[in-house]
Amino acid sequence: MARLVYRKRGVCSGTLIHPSYVLTARHCATGNLIAVRLGLRDLRDGANSHQMQEINIDKKIRSDFYDVALLRLSQPAWIEGSMVRPICLPLFVNLRMNVPKKLTIAGWGVTEAGHPSDILMKAQSSVLNGSSSVKGCTKAHEICIGGENAHSHHCGGDSGGPYQALDVFNGSMRFVQFGVISHGGQFCSTQNVPGKGVLVGYVLDWVLDNMIL
């Protein structure tokens, strides 16, 4: 996970998908965004964490059509010998065509206490795409979670984070990112209002086309 760093107030996340690139939501890639922090679980540790890497952002690449953005880092993240690892993308057809029915969401967003969490939180939620009982979940590029019986929604401040699951990737079990958290109801578990994000498989060509490797 990547914690985005702003000059002024801002709470968003992202995911390291390559040592030089972070994937996040377009609405998180504002002019105040200056850096990312990697390898940090508890924000209170800050610079005291020997695993934390803070890297400036060299360029923000925003999609013209979808709520996704790429952040090109000023230098590659340190991977070897660290706890920082890029997450896998659904590069294979079977992953793009078969989104799991349960996905894990993660972020430092608002908790039930009403304020952002200092500790990286995770929760599992049901995918609602194709469900006729949930309104507003009809766009092809969207992934929807939660809804009427949800107990684990993403909340304000979780934007840009992943919808992820353990899946078979190139012969081994790896965490794969199936979506980017975008928005939801005014409250974390608003009845009949799903949390929404952008399907990574839908924008995968855009992501790959905009990465200079």
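## Leu120, a buried loop residue

A residue counts as buried when its relative accessible area is under 20%. Leu120 has a relative accessible area of 14%, so Leu120 is buried. The model is predicted, and the values here are computed from that model.

Leu120 sits in the loop between strand S7 (102–107) and strand S8 (121–126). What does Leu120 touch, leaving aside residues up to four places away in sequence? The partners are Met1, Arg41, Ala106, Gly107 and Trp108. Leu40 is 80 residues from Leu120 along the chain, yet their C-alpha atoms are separated by 8.4 Å.

## Overall layout

The protein chain has two helices and twelve strands. From the N terminus, the order is β-β-β-β-β-β-α-β-β-β-β-β-β-α.

The chain has 213 residues, and 48% of them count as buried. About 11100 Å² of the protein chain is exposed. Carbon and sulfur atoms supply 49% of that area. Take the contacts with a separation of 6 or more: 62% of them come from residues 24 or more positions apart.

## The disulfide and its surroundings

The structure has one disulfide. Cys12 is joined to Cys28, with an S to S distance of 2.1 Å. The angle about the S-S bond is -70 degrees, and the link is left-handed. Cys12 lies in the loop between strand S1 (2–6) and strand S2 (13–18), and Cys28 in the loop between strand S3 (21–24) and strand S4 (33–38), so the disulfide ties together parts that are 16 residues apart in sequence.

Are the two cysteines buried or exposed? Cys12 counts as buried at 6% relative accessibility. Cys28 is also buried, at 1%. Another cysteine, Cys88, is buried at 6% relative accessibility.

Ser159 touches both Cys12 and Cys28. Ser13, His27, Ile181 and Ser182 are also among its contacts, again not counting residues up to four places away in sequence. Ser159 itself is in the loop between strand S9 (142–145) and S10. At 11% relative accessibility, Ser159 counts as buried.

## Salt bridges

How many salt bridges does a search of the whole structure find? There are four. One of them pairs Arg44 with Asp42, with the closest N and O atoms 2.9 Å apart. The partners sit in contrasting settings. Arg44 is exposed, at 54% relative accessibility. Asp42 is buried, with a relative accessible area of 14%.

Arg72 and Asp58 also meet in a salt bridge, at 2.9 Å from N to O. Arg72 is in strand S6 and Asp58 in strand S5 (residues 53–62), and the two are 14 residues apart. Asp58 is partly exposed, at 47% relative accessibility. Lys196 bridges to Glu142, where the closest N and O atoms are 3.9 Å apart. Lys196 belongs to strand S12 (residues 195–199) and Glu142 to strand S9, so this pair ties together parts 54 residues apart in sequence. Lys196 is buried, at 16% relative accessibility. Glu142 is buried too, at 7%.

## Aromatic contacts

The structure holds three aromatic pairs. One of them is Phe92 with Phe169. The pair is tilted: the ring centres are 5.1 Å apart, and the planes differ by 55 degrees. Phe92 lies in the loop between strand S6 (69–73) and helix H1 (93–97), and Phe169 in strand S10 (residues 162–169), so the pair ties together parts that are 77 residues apart in sequence. Phe92 is partly exposed, with a relative accessible area of 34%. Phe169 is buried, at 12%.

Which residues form one aromatic cluster? They are Phe65, Tyr66 and Tyr202.

## A nonpolar surface patch

Leu166, Val168, Met173 and Phe175 form a nonpolar patch on the surface. Together they have about 390 Å² of accessible area. S10 and strand S11 (172–183) each supply at least two residues of the patch.

Leu166 is in strand S10. This leucine is partly exposed, with a relative accessible area of 48%. Leu120, by contrast, is buried at 14%.

Conventions:
Residues are numbered from 1 along each chain as its sequence is written. This is a predicted model: local features need pLDDT of at least 70, side-chain atom pairs count only at pLDDT 80 or more; totals for chains, interfaces and linings use all residues. Side-chain values use heavy atoms; hydrogens and water are left out. Rings of Phe, Tyr and Trp (its six-membered ring) pair if their centres lie within 6.5 Å; planes under 30 degrees apart count as stacked, over 60 as edge-to-face and the rest as tilted. Helices (H or I, at least four residues) and strands (E, at least two) are DSSP runs, numbered from the N terminus. Buried means under 20% relative accessible area, exposed over 50%, partly exposed in between (1.4 Å probe, protein chains only). Contact means heavy atoms within 4.5 Å. Patches are made of residues with over 30% relative accessible area and no salt bridge: like charges are joined within 9 Å, nonpolar side chains (Val, Leu, Ile, Met, Phe, Trp, Tyr) within 5 Å. Accessible areas come from the Shrake-Rupley method with a 1.4 Å probe; for residues, only the protein chains shown count as cover. A salt bridge is a side-chain nitrogen of Lys or Arg within 4 Å of a carboxyl oxygen of Asp or Glu. A disulfide is a pair of cysteine sulfur atoms within 2.5 Å.
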